[in-house]
Amino acid sequence: MTTAVHIDAEIDDGALVHGFLNGDEDCLDALHRRWGPLVYAHARRSTGDAREAEDITQLVFFAAWRGRAGFVPERGTLPGWLLGITRRKIADALAARTRRTELVDAAAAQLLLTAADEAVQPEAALDRVLLADELSRLPQPQRQVLNMAFYDDLTQTQIAELTGWPLGTVKSHARRGMHRLASRLRADTGSGFGMDADHGRPTSVPSSGGRSGE
């Protein structure tokens, strides 16, 4: 590692850019070591999530390598070009985060509303047993997040604070848990809790008496 850093320091930016544009993978590695921290710092500052910033950094250099023919040295510096790619990847990540949050929040709200609506129905107890059973089959992190959201009425931010997990990790567990829960409930009920493909809204779990979701 020390040798690589020493060699990198001896190579000027012009030589690195030349090698990069000509497909030299050693130059790509050197570029990553030289400007990767800059990309990571920008992504971490914008997303507030270390793991997501690491993912963005990898995506930036992958995209730069694949699209290196689009870099024209006469139009600007390579670090500036990399930061341009970084800003686009950050925007994509934040948009995806918003979509995940809306999906999970909508699903959780629908489950709570369905439970409240069916509380006076004779079959409500059976539905709750079914839901609890399916939750118990989920991997522990996903089960913990969904239990805290459904039964403790906690937000994802509150769950992150209580568990000590990064907010991005909580959202990931919630999203994966909801998908697994939906698949299993569909299999058990023949229809079950799913997502409206056209509108991105959840559909409810029908009760044992055959009543359809509201």
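Two residues are in contact when heavy atoms of each lie within 4.5 Å. With that rule, Phe 20 can be placed among its surroundings: leaving aside neighbours within four places in sequence, Phe 20 is in contact with Cys 27, Leu 28, Leu 31, Ala 64, Trp 65, Arg 68, Leu 78 and Trp 81.

The structure is a predicted model, in which local features need pLDDT of at least 70 and side-chain atom pairs count only at pLDDT 80 or more, while totals for chains, interfaces and linings use all residues. Residues are numbered from 1 along each chain as its sequence is written, and side-chain values use heavy atoms, with hydrogens and water left out.

The overall fold may be described next. The protein chain contains nine helices and two strands; these elements are DSSP runs numbered from the N terminus, with helices being H or I runs of at least four residues and strands being E runs of at least two. Along the sequence the order is α-α-α-α-α-α-α-α-α-β-β. The protein chain has 214 residues, of which 37% count as buried. A residue is called buried under 20% relative accessible area, exposed over 50%, and partly exposed in between (1.4 Å probe, protein chains only). About 12200 Å² of the protein chain is exposed, and carbon and sulfur atoms supply 54% of this area; accessible areas come from the Shrake-Rupley method with a 1.4 Å probe, and for residues only the protein chains shown count as cover. Among contacts between residues at least 6 apart in sequence, 56% join residues at least 24 apart.

The interior is considered next. A nonpolar core is a set of buried Ala, Val, Leu, Ile, Met, Phe, Trp, Tyr and Cys residues joined through side-chain atoms within 4.5 Å. The largest such core has 23 residues, and those with the most contacts inside it are Phe 20, Leu 78, Trp 81 and Leu 82. Helices α2 (13-21), α3 (25-47), α4 and α5 each supply at least two residues of this core, and α3 gives the most, with seven residues. Apart from this core lies another, of 15 residues, among them Leu 131, Leu 138, Val 170 and Leu 181.

Two individual residues in these helices deserve attention. Cys 27 is in helix α3 and counts as buried because its relative accessible area is 11%. Leaving aside residues up to four places away in sequence, Cys 27 touches Ala 15, Leu 16, Gly 19 and Phe 20. The C-alpha atoms of Cys 27 and Ala 15, which are twelve residues apart along the chain, are separated by 8.6 Å. Thr 86 is found in helix α5, and it is buried because its relative accessibility is 0%. Not counting neighbours within four places in sequence, Thr 86 is in contact with Val 39, His 42 and Val 60.

Charged side chains also meet in this model. A salt bridge is a side-chain nitrogen of Lys or Arg within 4 Å of a carboxyl oxygen of Asp or Glu, and by this rule the count is one. The side chains of Arg 97 and Glu 52 form the bridge, at 2.4 Å from N to O. This pair links distant parts of the chain, with Arg 97 in helix α5 (residues 78-117) and Glu 52 in helix α4 (residues 50-66), 45 residues apart. Both Arg 97 and Glu 52 are buried.

Glu 52 appears again at the largest pocket. On a 1 Å grid over the protein atoms alone, a pocket is an open set of points where a 1.4 Å probe fits, with protein on both sides within 12 Å along at least five of seven lines; lining residues have an atom within 4 Å of a point. The largest pocket has a volume of about 380 Å³. Of its 17 lining residues, the closest to its centre are Arg 51, Glu 52, Asp 55, Arg 100 and Gly 168. The elements giving two or more residues to this lining are α4, α5 and α9, and α9 gives the most, with six residues.

Helix α9 also holds His 173, which is buried because its relative accessible area is 16%. Trp 165 is found in the loop between α8 (156-163) and α9 (167-189), and it counts as partly exposed because its relative accessible area is 24%. Not counting residues up to four places away in sequence, Trp 165 touches Pro 141, Gln 144, Val 145, Ala 160, Val 170 and His 173.

Technical notes:
Grid points are joined across faces, edges and corners, and a volume is the space filled by probe spheres set on the points.
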